[in-house]
Amino acid sequence: VFPSLAQAQASVANEVYQELGQPSVFLFCPTEYCSSLCSPSPSQSCYLQTIGQELLPGIGVIWTGPKVVSQELSAVLLEEVEAVLRRRPVIWDNLYANDYDCRRVFLGPYMGRAPGLMSRLHGLLLNPNCELQANFIPIHTLGTWFQSELGNCAHPDHAGTEAVAALGDSQGAQDGSYSPQEALELALRDWVAEINQQALEPGR
């Protein structure tokens, strides 16, 4: 019936989207959802080109970055993905996901995401550790990153500084940018306060 997988998927997604009354949030996860799954690259992928052309513009498309679990996200990559999909992607961030190896638990700060990314995203979903209590630092530091991104949006002169070594700890809160180390310290302070509060509750 369909000349390609991409056209089949887009047709079904479009029909479901319209049948549901075109909801404000409707997400589609493509078969090629990261750069490493694209052949030869996102911008030259016939599959993604078709998805971008055929999928209705109100449908959000999920993207995980260069890999399924991406250590870094850059503005250059997101620009490439936005161009081929004809929309800003929704990042499904697997930075903390440990369902593929439950012996590991990730407790570090949210990092490896260049400043100014939010203006290039339609949304961001964080895939956390399977263990609920282990996600205090990931979610707390994501919130700090998000606040710094809001500041970048409010002050465009801070945006577009991805070329700076901003994926690490080199920038601090003093210039309105995100510092993973400072975010971690804030999260640890609040986590200790939460633990102490719970310890005082009856029956704890």
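The exercises below work through a predicted model, each with a stepwise solution.

Residues are numbered from 1 along each chain as its sequence is written. Local features need pLDDT of at least 70 and side-chain atom pairs count at pLDDT 80 or more, while totals for chains, interfaces and linings use all residues, and side-chain values use heavy atoms, with hydrogens and water left out.

**Exercise 1. The sheet**

Task: work out in which order the four strands lie, and which strands are the edge strands.

Solution.
- Step 1. Elements are DSSP runs numbered from the N terminus: helices are H or I with at least four residues, strands are E with at least two.
- Step 2. Two strands pair if DSSP finds at least two bridges between them.
- Step 3. The four strands form an open sheet in the order 1-2-3-4, with parallel pairing.
- Step 4. Strand 1 and strand 4 (123-126) are the edge strands, each pairing on one side only.
- Background: strands of a sheet pair through backbone hydrogen bonds, either parallel or antiparallel.

**Exercise 2. Partners of strand 2**

Task: find the bridge partners that link strand 2 to strand 1 and to strand 3. Then give the hand of each crossover.

Solution.
- Step 1. Strands 1 and 2 pair in parallel over two bridges. Leucine 27 has glycine 60 of strand 2 as its bridge partner.
- Step 2. From strand 1 the chain passes through helix 2 to strand 2, a right-handed β-α-β crossover. Right-handed means that, with the strands pointing away from the viewer, the path from the first strand over the helix to the second runs clockwise.
- Step 3. Strand 2 (residues 60-63) also pairs in parallel with strand 3 (residues 90-93), again over two bridges. In strand 3, isoleucine 62 is partnered by valine 90, and tryptophan 63 by isoleucine 91.
- Step 4. Strand 2, helix 3 and strand 3 form a right-handed β-α-β unit.

**Exercise 3. Burial in strand 2 and helix 3**

Task: list the buried residues of strand 2 by side, then those of helix 3. State what covers the helix residues.

Solution.
- Step 1. Buried means under 20% relative accessible area, exposed over 50%, and partly exposed in between (1.4 Å probe, protein chains only).
- Step 2. Strand 2 is covered on both faces: Gly60 and Ile62 are buried on one side, Val61 and Trp63 on the other.
- Step 3. In helix 3 (residues 75-85), the buried residues are Ala75, Leu77, Leu78, Val81, Val84 and Leu85.
- Step 4. Their cover includes helix 2, strand 2 and strand 3.
- Step 5. Arginine 86 follows helix 3 and has a positive phi, near 60 degrees.

**Exercise 4. Two serines in loops**

Task: place serine 45 and serine 70, then describe their surroundings.

Solution.
- Step 1. Serine 45 sits in the loop between strand 1 (27-28) and helix 2 (46-54). Its relative accessible area is 0%, so serine 45 is buried.
- Step 2. Beyond residues up to four places away in sequence, serine 45 touches Glu32, Cys38 and Ser39. Contact means heavy atoms within 4.5 Å.
- Step 3. The serine 45 side chain reaches the backbone nitrogen of leucine 48 at 3.1 Å.
- Step 4. Serine 70 lies in the loop between strand 2 and helix 3. At 2% relative accessible area, serine 70 is buried.
- Step 5. With residues up to four places away again left out, serine 70 touches Thr64, Gly65, Leu95 and Arg113.
- Step 6. The serine 70 side chain reaches the backbone oxygen of threonine 64 at 2.9 Å. It also reaches the backbone oxygen of lysine 67 at 2.9 Å.

**Exercise 5. An aromatic pair**

Task: classify the pair formed by phenylalanine 136 and tryptophan 191.

Solution.
- Step 1. Rings of Phe, Tyr and Trp (its six-membered ring) pair if their centres lie within 6.5 Å; planes under 30 degrees apart are stacked, over 60 edge-to-face, and the rest tilted.
- Step 2. The count by this rule is three aromatic pairs.
- Step 3. Phenylalanine 136 and tryptophan 191 are stacked, at 5.7 Å centre to centre and 5 degrees between the planes.
- Step 4. Phenylalanine 136 is in helix 4 (residues 136-154) and tryptophan 191 in helix 5 (residues 180-200), so the pair ties together parts 55 residues apart in sequence.
- Step 5. Phenylalanine 136 is partly exposed at 24% relative accessibility. Tryptophan 191 is partly exposed at 21% relative accessible area.

Note on methods: Polar contact = N/O pair within 3.5 Å; in protein donor to acceptor, adjacent residues only side chain to side chain.
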